[in-house]
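Dear colleague,

Please find below the structure that I am handing over to you. My notes on its charged side chains and on one further residue follow it.

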Amino acid sequence: MTSRSAAEYRIEDLAHASGATVRTIRAYQDRGLLPTPERRGRANVYGDTHLARLRQIADLLDRGYTLASIKELLEAWDAGRGLGGVLGLVAEVHGPWTDEQADRITRDELHRRFGGAQDDQAVAEAVELGVLEPIPGRPDEFLVPSPQELAVAVELHGAGVPLTAISGHLRELRGQVEHIASRFLEFTTEHVFARYLGHRPPTDADAAEAAELVRRLRPLAQQTVDAELARAMRMFATRHLQHHLGADAPIGSSPAVGEPRPVLLPPDTIGAVQQLVGPQNVAAFVAAATEREVQARTLDALATSHLKSR
């Protein structure tokens with residue numbers, strides 16, 4: 001690198017400064033992601049614009065964008081369309097979706113909080129699930145992305161729930177929560193964000209407005225889930241208590257006679273019915289199947305009664 005009015009790099013120097021390989025830089029050039037370097041004799045000379053572009057590409061790749069979508073963004077930038085709003089939208093979506101702060105925990109502290117017994121298999125499962133993240137160069141220390149989630153596991157284990165059951169429950173719960181998040185995103189995209197994402201990439205003004213909406217709407221999904229979870233927990237906890245106490249009369253409020261009553265079905269059963277008749281027909285299918293079963297049992301009871309009377 002020389003130090004004149006602006007920095008200049010050979011390709012090897014540019015690779016060292018950016019963290020990319022020489023092969024990667026040449027591949028980006030071939031795909032049109034980098035501006036053409038200045039040719040001096042038999043050598044290509046790169047500048048600070050190339051270094052900044054490589055850092056932009058690396059940042060967008062880290063955020064999950066493909067090279068094709070990155071090329072669209074950079075072409076818009078080169079055509080004079082500002083990308084401040086677009087990059088602000090990217091940063092808003094990839095920013096933290098919770099106020100919770102990550103923490104660290106040592107392996108010894110982890111074992112102590114879970115009763116003192118060393119369980120490397122449980123630790124490996126926690127790492128696989130992302131409850132713990134290894135810290136490079138520190139084999140006896142872990143990053144805890146969600147201390148709340150770890151604290152719940154500690155309380156459940158202290159109450160007698162095996163670690164394998166906790167891991168299995170988390171896997172099942174995660175799948176259900178991801179489905180809720182996906183549906184909420186589809187819902188808000190259809191009714192709110194579709195008008196801002198008509199261009200690829202969106203205009204700078206549209207992206208900036210969409211980023212502001214993300215900031216405003218971000219808490220709504222969690223608030224909705226919190227309220228619905230509290231309602232469902234009260235309903236099912238009351239029902240379970242009534243069942244285990246063997247009470248004849250319902251505890252608390254219950255649907256009036258003739259009104260529909262919610263029935264708890266296993267997730268696997270619901271999934272099988274959805275595959276058979278589609279999500280929109282699950283309730284009708286369950287009702288029809290129940291009616292058919294009741295009718296069959298009524299017929300059996302009538303026939304049995306008649307045979308006994310004879």
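A network of salt bridges links E8, E38 and R40. The term salt bridge is used here for a side-chain nitrogen of Lys or Arg within 4 Å of a carboxyl oxygen of Asp or Glu. Please note that this is a predicted model, in which local features need pLDDT of at least 70 and side-chain atom pairs count only at pLDDT 80 or more, while totals for chains, interfaces and linings use all residues. Residues are numbered from 1 along each chain as its sequence is written, and side-chain values use heavy atoms, with hydrogens and water left out.

Within the network, E38 pairs with R40, and their closest N and O atoms lie 3.1 Å apart. E38 is partly exposed at a relative accessible area of 43%, and R40 is likewise partly exposed, at 34%. For these labels, buried means under 20% relative accessible area, exposed means over 50%, and partly exposed covers the values in between, computed with a 1.4 Å probe on protein chains only.

How many salt bridges does the structure hold? The total is 14, and two further examples are described here, each within a helix. Helices (H or I, at least four residues) and strands (E, at least two) are DSSP runs, numbered from the N terminus.

One of these salt bridges joins E109 to R112, with 2.8 Å between the closest N and O atoms. Both residues belong to helix α6 (residues 107-113), where they are three residues apart, about one turn of the helix. E109 is partly exposed, with 28% relative accessibility, whereas R112 reaches 54% and counts as exposed.

The other example is in helix α10 (residues 204-245), where E228 and R231 are separated by about one helical turn because they are three residues apart. The salt bridge between E228 and R231 has its closest N and O atoms 3.1 Å apart. E228 counts as partly exposed at 41% relative accessibility, and R231 is also partly exposed, with a relative accessible area of 46%.

Finally, I would draw your attention to A7. Is A7 buried or exposed? A7 counts as buried, because its relative accessibility is 18%. This residue is part of strand β2 (residues 7-9). Although A7 and D48 are 41 residues apart in sequence, their C-alpha atoms are 6.1 Å apart in space.

Yours sincerely
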